[in-house]
Amino acid sequence: MAFKREIQGIVVQKSGDKTASVLVERKVVHPRYHKTVKRFKKYLIHDEKNTAKVGDTVLALECRPISKRKSFRLKAVVATGVE
């Protein structure tokens, strides 16, 4: 059984129907300067019921490819945004 990755991030854009763009932040140690730096990446997630809104913190689970760039589906809305 393959391990399914989980990502947690903030919804930055509702891009089309049943799709949300999520910004995921991770902290890594810089190889030369040994300082913790932030790295960001955006993922498209599948939101079947259109429950995620801009500003919400969401949890997404890896799944089969739904489209060219969509390989994660919404698992839960962790916290609602201010908007």
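This briefing describes the fold, surface, salt bridges and selected residues of one protein. The structure is a predicted model. The protein contains 0 helices and 5 strands, and its elements follow the order β-β-β-β-β along the sequence. Of the 83 residues in the protein, 28% are buried. A search of the whole structure finds 4 salt bridges, three of which are described below.

**Overall fold and dimensions**

- Along the principal axes, the C-alpha atoms of the protein occupy a box of roughly 45 × 40 × 20 Å.
- Strand β1 covers residues 6–14, and strand β2 covers residues 19–29.
- Strand β3 spans residues 36–46, strand β4 spans residues 57–62, and strand β5 spans residues 70–79.
- When contacts between residues at least 6 apart in sequence are considered, 48% of them join residues at least 24 apart.

**Surface and charge**

- The exposed surface of the protein amounts to about 6200 Å². Carbon and sulfur atoms supply 54% of this area.
- The protein carries 20 positive and 8 negative charges, and the mean positions of these two sets are 8 Å apart.
- Four residues, I10, V12, L23 and F40, make a nonpolar surface patch of about 330 Å².
- Two members of this patch can be placed on named strands: V12 is in strand β1, and F40 is in strand β3.

**Salt bridge between E62 and R5**

- E62 and R5 form a salt bridge in which the closest N and O atoms are 3.8 Å apart.
- This pair links distant parts of the chain, since E62 belongs to strand β4 while R5 lies in the segment before β1, 57 residues apart.
- E62 has a relative accessible area of 22% and is therefore partly exposed.
- R5 is also partly exposed, because its relative accessibility is 38%.

**Salt bridge between K75 and E6**

- K75 and E6 form a salt bridge whose closest N and O atoms are 2.5 Å apart.
- Here too the pair links distant parts of the chain, with K75 in strand β5 and E6 in strand β1, 69 residues apart.
- K75 counts as partly exposed because its relative accessibility is 47%.
- The relative accessibility of E6 is 41%, so E6 counts as partly exposed.

**Salt bridge between K18 and E48**

- The side chains of K18 and E48 meet in a salt bridge, with an N to O distance of 3.1 Å.
- K18 lies in the loop between β1 and β2, and E48 lies in the loop between β3 and β4; the pair therefore ties together parts that are 30 residues apart in sequence.
- K18 is partly exposed, because its relative accessibility is 28%.
- E48 has a relative accessible area of 45%, and so is partly exposed.

**The surroundings of V12**

- V12, which is found in strand β1, is one of the residues of the nonpolar patch.
- With a relative accessibility of 38%, V12 counts as partly exposed, because this value falls between the 20% limit for buried residues and the 50% limit for exposed ones.
- Leaving aside residues up to four places away in sequence, V12 touches S21, L23, K42 and V54.
- One of these contacts, L23, also belongs to the nonpolar patch.
- V12 and T36 are 24 residues apart along the chain, and their C-alpha atoms are separated by 24 Å.

**Two residues with positive phi**

- Most residues other than glycine have a negative phi.
- H34 has a positive phi of about 55° although it is not a glycine. H34 is located in the loop between β2 and β3.
- H34 counts as exposed, because its relative accessibility of 62% is over 50%.
- N50 likewise is not a glycine, yet N50 has a positive phi of about 55°. N50 is placed in the loop between β3 and β4.
- The relative accessible area of N50 is 27%, so N50 is partly exposed.
- The loop between β3 and β4 that holds N50 also holds E48, the partner of K18.

Methods. Residues are numbered from 1 along each chain as its sequence is written. This is a predicted model: local features need pLDDT of at least 70, side-chain atom pairs count only at pLDDT 80 or more; totals for chains, interfaces and linings use all residues. Side-chain values use heavy atoms; hydrogens and water are left out. Helices (H or I, at least four residues) and strands (E, at least two) are DSSP runs, numbered from the N terminus. Buried means under 20% relative accessible area, exposed over 50%, partly exposed in between (1.4 Å probe, protein chains only). Contact means heavy atoms within 4.5 Å. Accessible areas come from the Shrake-Rupley method with a 1.4 Å probe; for residues, only the protein chains shown count as cover. Lys and Arg count as positive and Asp and Glu as negative; His and the chain ends are not counted. The place of a charge is taken as NZ of Lys, CZ of Arg, CG of Asp or CD of Glu. Patches are made of residues with over 30% relative accessible area and no salt bridge: like charges are joined within 9 Å, nonpolar side chains (Val, Leu, Ile, Met, Phe, Trp, Tyr) within 5 Å.
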